[in-house]
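Thanks for making time, everyone. Please pull up the structure on your screens, and we'll walk through a few spots together.

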Amino acid sequence: MNRTTLSLIAGTAALAAVTGFAALSEPDAPGTETAEAAAVLPVERTGLLCPAPSASDLAETTYTSFTPVTKGTGSDGSAELLAASVESTDTSADEDTGKPTGDDGTTDDKADSDKAGTDKAADGGKTDGGKTAAKPVLTSKAPGTPVTAETSGADDPALVGTAEGRLAPGWTVQQTTQVTAGNGRGLLGVTCAAPDTEFWFPGVSTAADRTDYVHLTNPDDSAAVADIELFGKDGGVTTTVGEGLTVPAHSSKPILLSTLTGEKQDDLTVHVNVRSGRVGAAVQALDDKLGGDWLAPSTDPAGTLVVPGIPKDATAVRLVAFAPGGADADLKVQLASPTGLITPAGQETLHVKAGMTTALDLGDVTRGEPGSLVLTPTDGSAPVVAAVRVVRGKGDRQESAFIPATGPIGTRASVVGNGAKDATLSLTAPTATAKVKVTASAGTGAGTAATKTYTIRQGTTQDVELPVPAGLKGTYALTVENLTDAPVHAARTLTATEGGIPGFTVQTLPDDRGTVAVPEADEDLTVLQK
């Protein structure tokens, strides 16, 4: 390794606060004392991306935007979501017409019509290349109170959002869609996410009853290029057009997984690797019989993983794991219940071969009590990624949702779109007892913020009684703050029963990355270069 010493000037400190990234550190390196004394500042700019919500004409979508109040911010700021354009993924020709066909079998005429509609939304009503400024879909003006916007139908585009100033730290946007009938009917929810360069999605499928799309959204001024890899029970799956996928600037591209391979597999892992640029990525998984939901990416590969917030009335839980490295992984499988860690009988361990996707059916593992899966290595196991598919209901009235392994809250996390009676917050402290503060914001229409503090015992999961705002009108945000050093993992479940079908969706709460540690500007920090 070559050792280079950089002097951190004021510009570097400002850049870290704006971008939210500060990664100049090394254990036991010179300058450790300086790093410990670094100032913690609120970030000044945050970007989020929301995928196109649905292809159903029956879809009803609500966007909710919220920024928690953060100390140290200025008086100015803005947060808005703008429509992205849709990039066609046509790769084949219709045998009868000779026209290109989309992933859903529509011809180029339909694709052109859809693109014209989204382009119109994206540039403020012009489809002829005019320069009319884009009209925001949703705008926030002050922290502490959520705002909403509603849309309907199949033509709603992906959204590209930016928050600045006092609205940037901890900015959170929820996209919730209700589809009353058809393929993928049910309640579909996703937390709009920041762009990145790598994503893992264990739990996707190319089975005959599944229609899974990977949505890639590019927020930047230049095109992004990404590769999509599929891994099944026997290792890598040969794909036809998964390499070098271009996502143009400020646009979104949905890729139907079944067009990438002819293999039909129940359990797959998708790896999205961005060669140039950056994208937001999410998987929309639609099932003919079990409804649909969004699958968010798993947290980065690790030896120990937590999948929080499995509903207490789950009738089927299926764990899907993948080992991306060159070594096998052996995992101990435990459930963090309200009374402590328990091991499912006959399912104590899971062996995951390197480069292969492995699934484990856990049945109704929660047995009427809330729970979270805790996966730990047995003797230095290799890192893995994981997610679970959860089913509620019975017979022809079943609904499914996905929960990825997620990192701990860290300092703070928020989740929005909570109603007075449709939200459940699950908190898990896998390794040590923790104390947590939960704040319910004012409502989108009215209401007074409320706060409660909870103690979560080691090895347990608790569905806590929420501090619903007094005089609530509309929906509200929940902000969770960890008051101890013990890791806490969290998930929120929304429910909506339609026609006797128990619709639900689960969102995890990783740290909101609302602050960044910035070293003193006049200090030196050693950076190690390999």
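Let's start with the largest nonpolar core, which has 30 residues. Leu319, Leu373 and Val388 touch the most other members. Keep in mind that this is a predicted model.

Stay on leucine 319. Its contacts farther than four places away in sequence include Leu350, Leu360, Leu362 and Leu375. Leucine 319 also touches Leu373 and Val388. There is a second, separate core of 26 residues. Val214, Leu257, Val274 and Ala281 are among its members.

Now to leucine 360. Where is it? Leucine 360 is in strand 28, residues 357-363. Is leucine 360 buried or exposed? Its relative accessible area is 15%, and the cut-off for buried is under 20%, so leucine 360 counts as buried. Leaving out residues up to four places away in sequence, leucine 360 touches Val317, Arg318, Leu319, Val333, Gln347 and Leu350. Take arginine 318 from that list. Leucine 360 and arginine 318 are 42 residues apart in sequence, yet their C-alpha atoms are 5.7 Å apart.

Last stop, strand 41, residues 501-508. How many of its eight residues are buried? Eight of the eight. In a regular strand, side chains alternate between the two faces of the sheet. Here, Ile501, Gly503, Thr505 and Gln507 point one way. Pro502, Phe504, Val506 and Thr508 point the other way.

What does strand 41 pair with? Strand 40, residues 489-498, in the antiparallel sense, over eight bridges. Glutamate 498 stands opposite isoleucine 501. The two strands form a hairpin with two residues between them. In that turn, glycine 499 has a positive phi of about 60°.

How values were computed:
Residues numbered from 1 in each chain as written. Predicted model: local features only at pLDDT ≥ 70, side-chain atom pairs only at ≥ 80, totals over all residues. Heavy atoms only, no water. Helix = DSSP H or I, 4+ residues; strand = E, 2+ residues; numbered from the N terminus. Buried < 20%, exposed > 50% of the residue type's maximum accessible area, 1.4 Å probe, protein only. Contact = heavy atoms within 4.5 Å. Pairing = 2+ DSSP bridges. Core = buried A, V, L, I, M, F, W, Y, C linked by side-chain atoms within 4.5 Å.
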